[in-house]
Amino acid sequence: MSVKFRTIKGVQDILPPRTYLWQRVEDAAKRIFSLYGFSEIRTPIIEFTELFVRSIGEDTDIVEKEMYTFQDRAGRSITLRPEGTASVVRAYIQNNLYNLPAPQKFYYNGPMFRYERPQKGRYRQFHQIGVEAFAVDAPYVEAELIEMLWLLLEELGMENLNTEVNSIGCSECRPDYKKKLLNYLEGNLGSLCADCMRRYRHNPLRVFDCKVPSCKEIITGAPKITEFLCENCGDHFKRFLSYLKKLDIPYSINPSMVRGLDYYTRTVFEVTTTSLGAQNAVAAGGRYDTLVEEFGGPRTPAAGFAIGMERLITLLEEKPFEPPRPDVYIVSLGDEATDVAYTVASSLRREGLQAELSYGTGSLKSQLRRADRFNATLALIIGEDELRRGTLTCKRLSDGFQVEVKLTDLITDIKKYLNLSLNIEY
RNA sequence: GUGAGUGUAGCUCAAUGGUUAGAGCACUGGACUGUGGCUCCAGGGGUUGUGGGUUCGAGUCCCAUCACUCACCCCA
């Protein structure tokens, strides 16, 4: 068979049973975010290119080389969103959502697009579940966000995760620190690797991430941003950490963590794992106190985070997972019996039971084999004998127990045997 | 954008340059006429990613291309 069409590089079909994992994550997120007062917001997948350039930052890799940008028929520059925050902030201002009682809290879920070379945990179309909280200045918000994130990850049974936190200061203290760092690096320019030379000019904070041993050595002596925060930022960070402690959330301070987007201020955080290879961030976020105002809205502090769905799903797939299975599989022999099977399936489904049927194709043996393959709890058999007696043979597949039940008592009997089989499993 | 590795049945993989490209799993059927899982047997399923080249002969060697994987860069 020759396949005529394939997916584009770096995008993928998400198929069952994997989709059940996606649903599990989405359902849990929806439920937990609601507990914290977050409402769903849905924004378009395409926006004017300028929105992302202005929010993410002109000098970032995302804007420089990773955006899916095209001209529409009227010649406007349009971009497939590479992340979620910019659109939410745009919607917040455009729809005057700041007039709602503060704080305003939103969550979103959907595909993002970045033109990158794919690898483990990194795709050109990927999905994020994210949240944004507006109009609260207090560091309690960041702590609460992380608490909510942890609750979700815990509920999903995630283990071996680390939360790393840092403060990258504000427009007041960060430039001062940057100068100090540049001064320090300047004295070691000769020993830096080629990448770090570029970082030195481009994004000096990134030198902290370098894996080259000689660079690492230089970095250990470099000034740390947490030591140069202004009074307000330092105080904010301290309070943030104390809230985390109060909420009993394990964390470690990573003074070298910087985020890739320009809009972050003060608190930044990442939840990482060791089992994802190089792409180890499962979720990440931070505070962005100036973005709303920069976009023409009122002065509004804000904070948020986003979860990388594919990465989370990859972690969940390390554990055994059982997709939903039919309560009953209906086996029928002959056209007349299959007619009955069809109406039986219908009435069972109306009772909220998952019923699968064979439509009478194949021998009894092969139909039962299929019932087994479907992992059904019960097999219901309708043949000539049952047809004549107005009954069904009900067979419990876990232990082979079998009983004939009257069609008129079907619903109550089936429910009984479904419960019974559950009891046996426990 | 850079580097490395891999492309053979639906899946996981065999096949010294030499007959008609095989096996396990999965699927379908049978052994067992109305009873699943275990076992055994049989069957269907392939343009060996694609296009060139070398050769008497290419799944195998060479080149190109595409895809996938991993890493760098960067990020969720």
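In which sense do strands β9 and β10 pair, and over how many bridges? The legends below describe close-up views of a predicted model, beginning with this pairing.

**Figure 1. Strand β10 and its two partners, β9 and β11, in the predicted model.**
Strand β9 (residues 265-273) pairs with β10 in the antiparallel sense, over six bridges. Within this pairing, Thr265 stands opposite Arg287 of β10. Strand β11 (residues 302-308) also pairs with β10 in the antiparallel sense, here over five bridges. In that register Ala284 faces Ala306 of β11 as its opposite residue. Strand β10 itself spans residues 281-287, and seven of its seven residues are buried. In a regular strand, side chains alternate between the two faces of the sheet.

**Figure 2. Surroundings of Asp289 in the loop that follows β10.**
Asp289 belongs to the loop between β10 and α10 (291-294). Its relative accessible area is 15%, under the 20% limit, and Asp289 is therefore classed as buried. The side chain of Asp289 makes a polar contact of 2.7 Å with the side chain of Arg287. The Asp289 side chain also reaches the backbone nitrogen of Ala302, at 3.3 Å. When residues up to four places away in sequence are not counted, Asp289 touches Asp137, Thr265, Arg266, Thr300, Pro301 and Ala302.

**Figure 3. The largest nonpolar core, with Met148 and its contacts.**
This core holds 99 residues, of which Phe33, Phe38, Phe134, Met148 and Phe305 touch the most other members. Helix α5 (residues 140-155) gives the most to the core, contributing nine residues. With neighbours within four places in sequence left aside, Met148 is in contact with Ile32, Phe33, Tyr36, Phe38, Val131 and Phe305. A second, separate core has 20 residues, among them Val328, Ile330, Ala337 and Ile382. In soluble globular proteins, nonpolar side chains tend to be buried together.

**Figure 4. Helix α11 and its buried residues.**
Helix α11 covers residues 309-316; seven of these eight residues are buried, so the helix is largely enclosed by the rest of the structure. The buried set consists of Met309, Glu310, Arg311, Leu312, Ile313, Leu315 and Leu316.

**Figure 5. Protein surface around RNA strand B.**
Of the 51 residues around RNA strand B, Arg122, Arg206, Arg259, Gly260 and Leu397 come nearest. Among the atoms of RNA strand B that come within 4 Å of the protein, sugar and phosphate account for 54%. The residues of this surface divide into 13 nonpolar, 15 polar and 23 charged.

**Figure 6. Individual polar approaches to RNA strand B, and the elements that contribute to the nearby surface.**
A backbone N or O atom of Gly10 is placed 3.4 Å from a phosphate oxygen of RNA strand B. In the case of Gln119, a side-chain N or O atom is 3.1 Å from a phosphate oxygen of the RNA strand. Val282 places a backbone N or O atom 3.0 Å from a sugar or linking oxygen of RNA strand B. The elements giving two or more residues to the surface near RNA strand B are α3 (61-66), β6 (125-134), α7 (194-202), β10, α13 (364-373), α14 (384-389) and β15 (391-396). Helix α13 gives the most, with seven residues.

**Figure 7. Ser358 in the loop between β13 and α13.**
Ser358 is located in the loop that links β13 (355-357) to α13. Its relative accessibility is 3%, so Ser358 counts as buried. Leaving aside neighbours within four places in sequence, Ser358 is in contact with Tyr329, Ile330, Val331, Ser332, Gln367 and Arg370.

**Figure 8. Two further loop positions, Ile41 and Ser171.**
Ile41 lies in the loop between β1 (39-40) and β2 (46-48), and at 13% relative accessibility Ile41 counts as buried. Ile41 and Val88 are 47 residues apart along the chain, with their C-alpha atoms separated by 7.7 Å. Apart from neighbours within four places in sequence, the contacts of Ile41 are Val88, Ala91, Leu97, Phe106, Tyr107 and Tyr108. Ser171 lies in the loop between β7 (161-167) and α6 (174-186). Its relative accessibility of 66% is the reason why Ser171 counts as exposed. From Ser171 to Pro82 the C-alpha to C-alpha distance is 25 Å, with their places 89 residues apart in sequence.

Notes: Residues are numbered from 1 along each chain as its sequence is written. Chains are lettered from A and ligands numbered from 1 in the order in which they are written. This is a predicted model: local features need pLDDT of at least 70, side-chain atom pairs count only at pLDDT 80 or more; totals for chains, interfaces and linings use all residues. Side-chain values use heavy atoms; hydrogens and water are left out. A nonpolar core is a set of buried Ala, Val, Leu, Ile, Met, Phe, Trp, Tyr and Cys residues joined through side-chain atoms within 4.5 Å. Buried means under 20% relative accessible area, exposed over 50%, partly exposed in between (1.4 Å probe, protein chains only). Helices (H or I, at least four residues) and strands (E, at least two) are DSSP runs, numbered from the N terminus. Contact means heavy atoms within 4.5 Å. Two strands pair if DSSP finds at least two bridges between them. A residue is near a molecule or strand if one of its heavy atoms lies within 4 Å of it. A polar contact is a pair of N or O atoms within 3.5 Å; within protein, one must be able to donate a hydrogen and the other to accept it, and residues adjacent in sequence count only if both atoms are side-chain atoms. Ala, Val, Leu, Ile, Met, Phe, Trp, Tyr, Cys and Pro count as nonpolar, Asp, Glu, Lys and Arg as charged, and the others, Gly among them, as polar.
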